[in-house]
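Welcome! Please take a moment to look over the sequence and the structure shown here before reading on.

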Amino acid sequence: MPKEGWHVLHLFYRIDYAQWASFSTQERGVAHANFTRFIQEIRSTPNSQLLTFSMVGTKADLGFMFTSPDLHTVDMVTKQLTNLLGPEVLIPTFSWLSLTELSEYTTNEAEYILSLKEKENLDPNSPEFDLKLTAFRTRMEKYNKDRLYPSLADWPVFCFYPMSKRRNLGQNWYSLDFETRKKLMEGHARVGRTYAGRIRQLITGSTGLDDGEWGVTLFAHTTSDIKAIVYEMRFDSVSAEYAEFGDFYIGIQLPLKALLERLGL
Ligand code: 76R
């Protein structure tokens with residue numbers, strides 16, 4: 001169990017249609033029933049969410065995004081999903097393990113108090129000061145809860161890609177001091193916030209867990225919004241100067257029955 005947050009596993013498969021074609025009608029019926037039953041079972045487990053996608057393009061056919069606090073559960077579910085449609089039907093093509101995390105750049109209480117005193121000139125003993133501080137605490141509690149224990153969106157368009165920050169000589173994110181990184185991240189968040197209502201993003205940390213430092217999961221209603229945010233972020237200095245990206249995956253979130261039909265299973 002992690003000290004806080006959930007594990008997040010992105011898991012993509014190709015379907016071996018030759019193997020599927022070798023199954024009898026009865027075997028296919030059993031495979032369908034197992035698939036639906038297992039996924040519904042996982043979905044009804046507390047703290048575990050399992051999203052299913054039809055993956056667009058030929059990088060993968062079927063995608064899962066799974067959350068669980070327990071690494072044993074992640075391991076078990078991965079192995080069960082792989083065998084869910086019968087032996088060698090689902091061929092793994094990509095997986096990414098990460099953890100939900102709090103941001104080190106969010107405004108903390110001490111900073112907020114300072115800004116109330118110095119920028120807003122509020123007296124710390126005034127009721128207005130108190131009111132603002134209480135509202136801040138409530139806001140931060142919800143914000144932190146949403147980052148560590150997110151409720152995954154059911155929006156149709158899903159985009160996933162790994163991301164790391166550069167560690168080049170003379171251009172190393174990790175050798176910048178905290179204040180500089182915080183300032184740069186403020187610019188990033190400013191761009192991000194203009195996509196409120198169009199993009200739901202989940203940034204999960206994978207340093208030491210997988211081959212890059214974060215998994216970027218975006219949900220949208222149209223591919224235009226995905227393309228727009230990723231394009232616009234490229235101009236923001238955090239991404240322009242420091243970001244390295246892995247492969248991009250696009251999927252469509254579908255209910256189980258529609259998914260099996262789409263996959264031709
Ligand atoms: O969480 C927050 O809303 C607070 C501000 C914020 C942080 C700390 C924020 C806002 N992000 C944060 C951290 Mn982000 N984000 C990305 C990408 O393609 C690219 O160029 C980059 C991929 C997108 C599209 C995106 C979107 N963000 C991070 C981090 C961790 C950095 C670290 O700790 O060093 C990464 C890797 C990252 C990458 N970001 C937002 C968005 C959007 C849409 C927002 C606004 C969210 C909102 O306010 O609702």
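The report below looks at the ligand and its surroundings, then turns to one residue, T67.

Keep in mind that this is a predicted model. Around the ligand there are 22 residues, and those that come nearest are Y143, R147, Y161, H188 and S239. By type, the shell around the ligand divides into 14 nonpolar, five polar and three charged residues.

Three of these side chains have a polar atom paired with an oxygen atom of the ligand, as the table lists.

| Residue | Distance from a polar side-chain atom to an oxygen atom of the ligand |
|---|---|
| Y143 | 3.0 Å |
| R147 | 2.4 Å |
| Y161 | 2.5 Å |

Where does the shell come from in the chain? The elements that give two or more residues to it are the helices and strands α5 (127–148), β5 (157–165), α6 (178–193), β8 (199–205), β9 (214–220) and α7 (223–235). Of these, α6 gives the most, with five residues.

Helix α6 is also where H188 lies. The ligand carries a manganese atom, and H188 is its single donor from the protein: the NE2 atom of H188 is 2.2 Å away from the metal.

Now let us turn to T67, which has its place in strand β3, residues 62–68. Is T67 buried or exposed? T67 has a relative accessible area of 0%, so T67 counts as buried. Leaving out residues up to four places away in sequence, T67 touches W6, H7, V8, N47, S48, Q49 and L152.

Notes:
Residues numbered from 1 in each chain as written. Predicted model: local features only at pLDDT ≥ 70, side-chain atom pairs only at ≥ 80, totals over all residues. Heavy atoms only, no water. Near = heavy atom within 4 Å. Polar contact = N/O pair within 3.5 Å; in protein donor to acceptor, adjacent residues only side chain to side chain. Helix = DSSP H or I, 4+ residues; strand = E, 2+ residues; numbered from the N terminus. Nonpolar A, V, L, I, M, F, W, Y, C, P; charged D, E, K, R; others polar. Donors = N, O, S within 2.8 Å, 3.2 Å for Na, K, Ca; no water. Buried < 20%, exposed > 50% of the residue type's maximum accessible area, 1.4 Å probe, protein only. Contact = heavy atoms within 4.5 Å.
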